[in-house]
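Q: Please take a close look at the surroundings of the ligand in this model, and then follow the helix packing outward from there. A connected account suited to a first-year student would be welcome.

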Amino acid sequence: MVSGDYVMTIDSDDEAPIQPTKAKDESVQLDMNFVFDPSVDTLTETWNNASDLGDLVKTGSRPAPISVDDIIARRKQNQVSKKRKRPPAEEEEDQLSGSEVDSGGDDDHDSDESEFARFVAEDAEDPLASSGEEGEDLEVIQSEDQEDQDGVENDEGQSDSSEESEEDETQVEKDRKAAFFADYAGPSEKHESFLHMNLSRPILKALTSLGFVSPTPIQAATIPVALLGKDVVGNAVTGSGKTAAFIIPVIERLLYRERGKKAAATRCLILVPTRELGVQCYEVGKKLSVHTDIRFCLAVGGLSLKSQEAELRTFPDIVIATPGRLIDHLRNSIAFSLDTLDVLILDEADRMLEDGFADELAEIIKSCPQSRQTMLFSATMTDSVDELVRMSLDKPVRLFVDPKRTTARGLMQEFVRVRAGKEADRSALLVSLCKRTFKQRTIIFFRSKKLAHQMRIVFGLLGLKSDELHGDLTQEQRLRALQTFRDGTVDYLMATDLASRGLDIKGVETVVNFDMPGQLAQYLHRVGRTARAGKKGRSVTLVGEADRRMLKAAIKHSAGEDQVRHRVVPPDAVARYAEKLESLKDEIAEIMKEEKEEKLLRQAEMELKRGQNILEHGKEIYSRPARTWFQSEKEKQVAQAVSKQQYESATSLKKSERNQHAPETNKPKRDKFSGLTRRAKRRKTAMEEDETDQHAIGASIRSAKKAMRPKKIGLPEPRPQKMKAKKTHGQKKQKNAGSFDHDLGQRTKPEGIRAKKGDSVGRAGKRPRKSR
Ligand SMILES: Nc1ncnc2c1ncn2[C@@H]1O[C@H](COP(=O)(O)OP(=O)(O)OP(=O)(O)O)[C@@H](O)[C@H]1O
């Protein structure tokens, strides 16, 4: 179903408001019985209480953050006091907007639908080629459409949101996958209410207070299988409730764990790619387990190491972590290990691989007991995830909900064409869109942190309330930005792909892509920040000549034929804003300069403080054991660059297309490890490490941890007469058995009243892994 043929053109003056979703809107088929209460925002409270996280936030290790708004306000104040005759930015802009509204709709430039259709349909392989064979190209697209429709019969759950369509998968590949995945037909009954899912009362109570009445399709599919202890690979569109899909069964199973001080152990690890996602997952978990005694620990980067270490020493039941921080704890927190783990969850696994965490993931998986249950979730699955699945899961059940659909049903995708030679107008286009049409609850994605920051300054000068979210900020700033956007203090969030995954912010009306991302998966995650949980939302993407192939792919993956629009911004409005931006250039440069100077000053102050500290407390500081690192900063960068390169070459467009308007270079720098295989690189890194004293430190930490290892619950009583006999497969299984096995046999004190306990909650059929 490509293409421009059904792409309706709308003028940017047309507000085309998105209708609020009716409770039983038939077009929204996320869940037939889905009752969504918009007044319940599961996370608002969290973010409103973000100060609760305050004591977890690292302080003092970085200079105090600088606020661009303060600089802008200060400058405005100075300008006023100098009595310069400049009208306030906001007023001036309002005048501009006013004149535009009058002139809106008179666009004669690109208003022709068929022109955009041709733009979409032109040769995707060489988007810049001026083809005179449009008719032919259109035909090719139509035949792809046909294939698409024919492909619906393939409901084996085979889905790949990478750019290569699933239809290209060979029969051999399908057979290979079929052999790898468990032959599981799915639950015999269809669950339309949580009440019929065999869940304990404390969970049902929590679900009710969250306003969750019916499970979403991915929840209905996952919960029964996860309760059986089976490994799961779950895939469903963004905003479809994957977090609760894996947290609910874990909580249910943990209700039957052994209690008591001696039995305290960390039994579940949830790995997430970003800190913000960790915070969010932590809050969802806490809310769902509010009526239980299950304890969570959030171990993500950017938050205080010390308080995390202290918490980990108490063996929380569930640890939610980012890979880097977890490895840090595994290496340096003496009491912490993964030896007692029963469930490992990998959320947004493809993003972790893309970010260069493959080595960390391998290390973490190696540290987990083989008998664990593993669940892997993502809205997009790539080949590298397949590799991870093979490495870490044991005959997993593939739960792919609605595999042919990759965007939410309530999402309206709009595209704004940036014509050849008009790339310089992108900023003016964005400002026009925001000034004229998208005035609130809008996330704007940029390829680079620098661009996001610059645009925040521009918006500040134009009187548009915005904040920014990217990796150049402190964790405190990142959390605050999310909070100000959530509570509506600001209307725009300037973000990089850091925010593209998993973030669940209620009421996001619009997602704007300042530039088209290089990979379809990235695009799908970005636009998935709106139209969540059955609601409606809109995405607006600026597409240049080089983005045509991605544009086609995005259209192809849309939820429905009438869900794509071509938006036209009147050129005179763009021209006026371009002029305005040009006049602000010097001021923007001055603000950035001021900001840089302030940063340097604060850094110098920090250094001074650090020096004083060392002078005063040097003896104590140097007597502390040195922390060891899994990878040095440099090695981390190499790994990230290599992963990114591999990810992009596996999933993406031609390099020339990708780099079209990427201001920063993504090019990995050549270094001593370039060209080596990952295994060779790891070996070399390890050898280098061995040359240092760290080896001895590592060994002593490991032996200390071993000595302190809590007795693994679930071990059967020793039976001496059988111990002498030769080890059988069955015995090995018992040795490797997890905590829950024991509990399942001895559910003497179940928590809450269970309607039907039966044998569905357990680890039936779970075998120890031979190799991963
Ligand atoms: N059964 C349910 N009933 C009503 N709302 C639900 C239900 N399950 C989840 N939600 C809501 O749906 C929203 C999206 O959930 P969640 O963030 O888990 O989606 P996701 O599939 O993980 O999205 P992404 O792929 O973007 O990470 C949340 O606001 C959550 O509160």
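**The ligand shell and the helices**

A: In this predicted model, helix α9, which covers residues 242-254, gives the most to the shell around the ligand, with 3 residues. The shell as a whole holds 20 residues, and the closest to the ligand are G241, K242, T243, G502 and A533. By character, the residues of the shell divide into 7 nonpolar, 10 polar and 3 charged.

Helix α9 also has a helix as its partner. The axes of α9 and helix α10, the latter made of residues 275-288, come within 10 Å and cross at roughly 45 degrees. The two helices, α9 and α10, are therefore oblique to each other, and their crossing is right-handed. On the α9 side the contact is made by T243, A244, I247, I248 and I251, while α10 supplies C281, V284, G285 and L288. The residues of this contact of α9 with α10 divide into 7 nonpolar, 2 polar and no charged. T243 thus belongs to two descriptions: T243 is listed among the residues closest to the ligand, and T243 is also part of the contact between α9 and α10.

A second pair of helices may be set beside this one. Helix α12 (residues 323-332) packs with helix α14 (residues 358-367) at an angle of about 45 degrees, their axes being 10 Å apart. That angle makes α12 oblique to α14. Here α12 passes α14 in a left-handed crossing. From α12, the residues P323, G324, L326, I327 and L330 meet E360, L361, E363, I364 and S367 of α14. The contact of α12 with α14 divides into 6 nonpolar, 2 polar and 2 charged residues.

A third pair joins helix α17, residues 449-461, and helix α21, residues 571-623; their axes come within 10 Å and cross at roughly 115 degrees. The crossing of α17 and α21 is right-handed. In α17, the residues Q454, I457, V458 and L461 meet L581, L584, E587, I588 and I591 in α21. This contact of α17 with α21 is made up of 7 nonpolar residues, 1 polar and 1 charged.

One annotated segment completes the account. An unreviewed UniProt entry lists residues 192-220 as a short sequence motif, the Q motif. In the model, the end C-alpha atoms of residues 192-220 lie 8 Å apart. This span is 48% helix and 0% strand.

To return to the part requested, the shell around the ligand receives its greatest contribution from helix α9, and α9 in turn packs obliquely with α10.

Note on methods
Residues numbered from 1 in each chain as written. Predicted model: local features only at pLDDT ≥ 70, side-chain atom pairs only at ≥ 80, totals over all residues. UniProt positions renumbered as here; feature names shortened; annotations may be inferred. Helix = DSSP H or I, 4+ residues; strand = E, 2+ residues; numbered from the N terminus. Near = placed C-beta within 6 Å. Nonpolar A, V, L, I, M, F, W, Y, C, P; charged D, E, K, R; others polar. Axes fitted to C-alpha atoms, helices over the stretch in contact; angles between N-to-C directions. Parallel < 35°, antiparallel > 145°, perpendicular 65-115°, else oblique. Left-handed = near helix turned anticlockwise from the far one by under 90°. Contact = placed C-beta atoms within 7 Å.
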